[in-house]
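Grab the model and work through these exercises with the viewer open. Each has a task, followed by a solution in small steps.

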Amino acid sequence: MNGSLRILYHIVVIILSAAIALSLPYTAGFIAKKFLDFWSLIENEKIFLVSIEIVCAMLLIFIFNYLGRSWKNRKLANTAKRAGLSIAPSGKGLFTQKRFKRFKEKQGIARDMMVIGSTGSRTFVDPKGDLHEVIKNCREAKIMLLNPNSEGASIRASGIPEPDITTDHFKEQIKKSIDFLKKLNDVRRNVKMKLYIDVPFLKLTILGDYIWVQHYHAGLDVRVMPEYVFEHSRNSSGFYTLFYQYFMSRWNDPGIPEYDFDTEELVYRNKTGNEIKREKFTLTRDDGFLASTN
């Protein structure tokens, strides 16, 4: 049956090609005759000819400008491709956010998840957050958040000119994230968390072959900043490798302690991974926030 249909398809194509070829002389003659009749009517109409000339000039300008922009856009696209840039949305609309969330959930299934953030509350604690489902389905999670008692946390919170963002509110968000990760780790035992003390610089999310990057701009909420996606490729000049190495250098920094969910302590390790000291990190309920004691 498939063979018969293929033969019939080729026969129909040959017949149509022959019909078109045989009709070309008559078609060309008809078009030429009509054109000559039309030209005999307008050849002395100067206004009409000038109008045609203007229209043709405008069309040529439009075509050449379009070709020039297309060439420049193609060069920019090739540059972005060499840099590993996969997605660079022009807006932060609802549709774009939902598409990013679905994409992250797809990439995070049974893969390692690595994140550098500030509080993490809106990212994975909130059920509507982009990584709320991802962190539940990933193979292993490595999370880096701000130490709520550090100077960096205070600077970041006070630098956002919104009345609802205060230092206390900022600390409460970090507290919720730590509690959420602790409960998750009690069940799955696949979550590691470290607390850094400096002012946030980049928000990174690494899922498989893709990295999401946002910049913590001073005085602005990170939600208003564009989010770029870089894809891993064999091209060593891509930015995926750069951002991945940035995360690993931060993660392996001996000055950034790991939070022990079982003992609620900050564990400091040397460059070889051996433990060198611990600091107690207790949850105090007097003011509702976290406090660490040596």
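**Exercise 1: a leucine and its core**

Leaving out residues up to four places away in sequence, which residues does leucine 181 touch?

*Solution.* Leucine 181 touches Phe124, Ile135, Ile143, Leu145, Val191, Met193 and Phe261 once residues up to four places away in sequence are set aside; contact here means heavy atoms within 4.5 Å. Before going on, some ground rules: this is a predicted model, with local features needing pLDDT of at least 70 and side-chain atom pairs counting only at pLDDT 80 or more, while totals for chains, interfaces and linings use all residues. Residues are numbered from 1 along each chain as its sequence is written, and side-chain values use heavy atoms, with hydrogens and water left out.

Next, zoom out to the largest nonpolar core, which has 50 residues. (Such a core is a set of buried Ala, Val, Leu, Ile, Met, Phe, Trp, Tyr and Cys residues joined through side-chain atoms within 4.5 Å; buried is under 20% relative accessible area, exposed over 50%, partly exposed in between, with a 1.4 Å probe and protein chains only.) Leu181 is among the members that touch the most others, along with Met113, Phe124, Ile135, Ile143 and Met193. The top contributor to this core is helix H7 (residues 167-188), which supplies six residues. (Helices, H or I of at least four residues, and strands, E of at least two, are DSSP runs numbered from the N terminus.)

**Exercise 2: a serine in H7**

Is serine 177 buried or exposed, and what does it contact outside its sequence neighbourhood?

*Solution.* Start with the location: serine 177 is part of helix H7. Its relative accessible area is 0%, so serine 177 is buried. Now skip neighbours within four places in sequence, and serine 177 is left in contact with Thr119, Gly120, Ser121, Phe124, Val125 and Leu145.

**Exercise 3: rings around a tyrosine**

How are the rings of tyrosine 259 and phenylalanine 261 arranged?

*Solution.* First, the search: eleven aromatic pairs turn up in the whole structure. (Rings of Phe, Tyr and Trp, using its six-membered ring, pair if their centres lie within 6.5 Å; planes under 30 degrees apart are stacked, over 60 edge-to-face, the rest tilted.) Tyrosine 259 and phenylalanine 261 are an edge-to-face pair, 5.3 Å centre to centre with 75° between the planes. Tyrosine 259 also pairs with phenylalanine 281: the centres are 5.6 Å apart and the planes sit at 85°, so this pair is edge-to-face too. This second pair links distant parts of the chain, since tyrosine 259 is in strand E8 (residues 258-260) and phenylalanine 281 in strand E10 (residues 275-283), 22 residues apart. Finally, burial: tyrosine 259 comes out buried at 2% relative accessible area, and phenylalanine 281 counts as buried at 0%.

**Exercise 4: charges over rings**

Which ring face does lysine 194 lie over?

*Solution.* Lysine 194 lies over the face of tryptophan 251, at 4.7 Å from the ring centre. (The test wants NZ of Lys or CZ of Arg within 6 Å of the ring centre and within 35 degrees of the ring normal.) Arginine 250 does likewise over tyrosine 196, at 5.2 Å from the ring centre.

**Exercise 5: the two sides of a helix**

Which residues of H3 are buried, and which exposed residues are on the face turned away from them?

*Solution.* Check the geometry first: helix H3 (residues 94-108) has 15 residues and reaches 21 Å from first C-alpha to last, close to the 21 Å expected. (The expected span is 1.5 Å times one less than the number of residues.) Now list the buried residues of H3: Thr96, Phe100, Phe103, Lys104, Gln107 and Gly108. They cover an arc of only 125° around the axis, which puts them on the same side of H3; the arc is that of the directions from the helix axis to the C-beta atoms. The face turned away carries the exposed Leu94, Phe95 and Lys106. What does the buried side pack against? Its partners are strand E1 (85-87), helix H5 (134-137), E5, strand E6 (210-215) and strand E7 (228-231). One of the H3 residues, Phe103, also forms an aromatic cluster with Tyr210 and Trp212.

**Exercise 6: just past H3**

Where does alanine 110 lie, and what is its phi?

*Solution.* Alanine 110 lies in the loop between H3 and strand E2 (112-116). Its phi is positive, about 55°, although alanine 110 is not a glycine. At 49% relative accessibility, alanine 110 counts as partly exposed. Glutamate 264 also has a positive phi of about 55° without being a glycine, and it is found in the loop between E8 and strand E9 (265-269).
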